[in-house]
Amino acid sequence: QVNLVESGGGSVQAGDSLRLSCAFSGRPFSNYAMAWFRQTPGKERRFVATIGRSGGYTDYADSVKGRFTISRDNIKNTLFLQMNSLKLEDTAVYYCAAATYNTGAVTPGNYDYWGQGTQVTVSS
């Protein structure tokens, strides 16, 4: 069984930084490509960033490129999302997701396991 638990969300002001974490357990973490998605009420879950199994490959949504950094610690079995220069439009529930192989996918359907989400609220 694969389990993912997000943490690190909270309320911050525009321009601030926040780091999200996703604890992975149940299977060897390095076997899975990982990603972050986010969702606001009434809207579809949207891609934020993805990272390959080794951590060498990353990709980002245009809306966060240059501001967010995805990374992983394959020793501690943890995925991270460093969010800098936060904007009001970054407000969402953020979810981590795992895929059984390196897909480079930006669609939710390509990911097999999901966390419960963590709320990020950005205000002015």
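# Notebook: an all-strand chain

I read along the sequence first and found the protein chain following the pattern β-β-β-β-β-β-β-β-β-β-β. My tally of its secondary structure was 0 helices and 11 strands. Here helices (H or I, at least four residues) and strands (E, at least two) are DSSP runs, numbered from the N terminus. I then checked compactness: the radius of gyration is 13 Å, close to the 14 Å that the globule rule gives for 124 residues, so the protein chain is as compact as a globular protein of that length. That radius is taken over C-alpha atoms, and the globule rule is 2.2 Å times the number of residues to the power 0.38.

A note to myself on the source: this is a predicted model, where local features need pLDDT of at least 70 and side-chain atom pairs count only at pLDDT 80 or more, while totals for chains, interfaces and linings use all residues. Residues are numbered from 1 along each chain as its sequence is written, and side-chain values use heavy atoms, with hydrogens and water left out.

**Overall figures**

I looked up the extent of the C-alpha trace, and along its principal axes it spans about 40 × 30 × 25 Å. Of the 124 residues, 42% count as buried; buried means under 20% relative accessible area, exposed over 50%, and partly exposed in between (1.4 Å probe, protein chains only). The accessible surface comes to about 6100 Å², and 46% of it belongs to carbon and sulfur atoms. Those areas come from the Shrake-Rupley method with a 1.4 Å probe, and for residues only the protein chains shown count as cover.

For contacts I used heavy atoms within 4.5 Å. Among contacts with a separation of 6 or more, residues 24 or more positions apart account for 58%.

I also looked at charge: the protein chain has 12 positive and 9 negative side chains, and the centres of the two sets lie 3 Å apart. Lys and Arg count as positive and Asp and Glu as negative, with His and the chain ends not counted. Each charge is placed at NZ of Lys, CZ of Arg, CG of Asp or CD of Glu.

**Aromatic rings**

My search of the whole structure turned up 7 aromatic pairs. Rings of Phe, Tyr and Trp (its six-membered ring) pair if their centres lie within 6.5 Å; planes under 30 degrees apart count as stacked, over 60 as edge-to-face and the rest as tilted.

One of the pairs is phenylalanine 37 with tryptophan 114, a tilted pair at 5.1 Å centre to centre and 55 degrees between the planes. This pair links distant parts of the chain, with phenylalanine 37 in strand β4 (residues 33-39) and tryptophan 114 in strand β10 (residues 113-114), 77 residues apart. Phenylalanine 37 is buried at a relative accessible area of 0%, whereas tryptophan 114 is partly exposed at 26%. Tryptophan 114 also pairs with tyrosine 111, edge-to-face, at 6.4 Å centre to centre and 70 degrees between the planes. Tyrosine 111 is buried at 5% relative accessibility.

Elsewhere in my ring list, Phe24, Phe29, Tyr32 and Tyr113 are linked by ring pairs into a cluster.

**Backbone angles in loops**

A reminder for this part: most residues other than glycine have a negative phi. I found asparagine 77 with a positive phi near 55 degrees. Asparagine 77 sits in the loop between β7 (68-73) and β8 (78-83) and is partly exposed at 26% relative accessible area. Serine 85, also not a glycine, has a positive phi of about 50 degrees. Its place is the loop between β8 and β9 (92-99), and serine 85 is partly exposed at 40%.

**Positions far apart in sequence**

Serine 7 lies in strand β1 (residues 3-7) and is partly exposed, with 37% relative accessible area. Leaving aside neighbours within four places in sequence, I found serine 7 in contact with Arg19, Leu20, Ser21 and Thr118. Its C-alpha is 9.6 Å from that of glutamine 116, and the two residues are 109 apart along the chain.

Glutamine 116 belongs to the loop between β10 and β11 (118-123) and is partly exposed at 47%. With neighbours within four places set aside, glutamine 116 is in contact with Leu4, Val5, Glu6 and Tyr95. I also checked glutamine 116 against phenylalanine 37, 79 residues apart along the chain, and their C-alpha atoms are separated by 12 Å.

Last, I looked up glycine 104, which is in the loop between β9 and β10 and partly exposed at 28%. The C-alpha atoms of glycine 104 and methionine 34 are separated by 9.1 Å, with their positions 70 residues apart along the chain.
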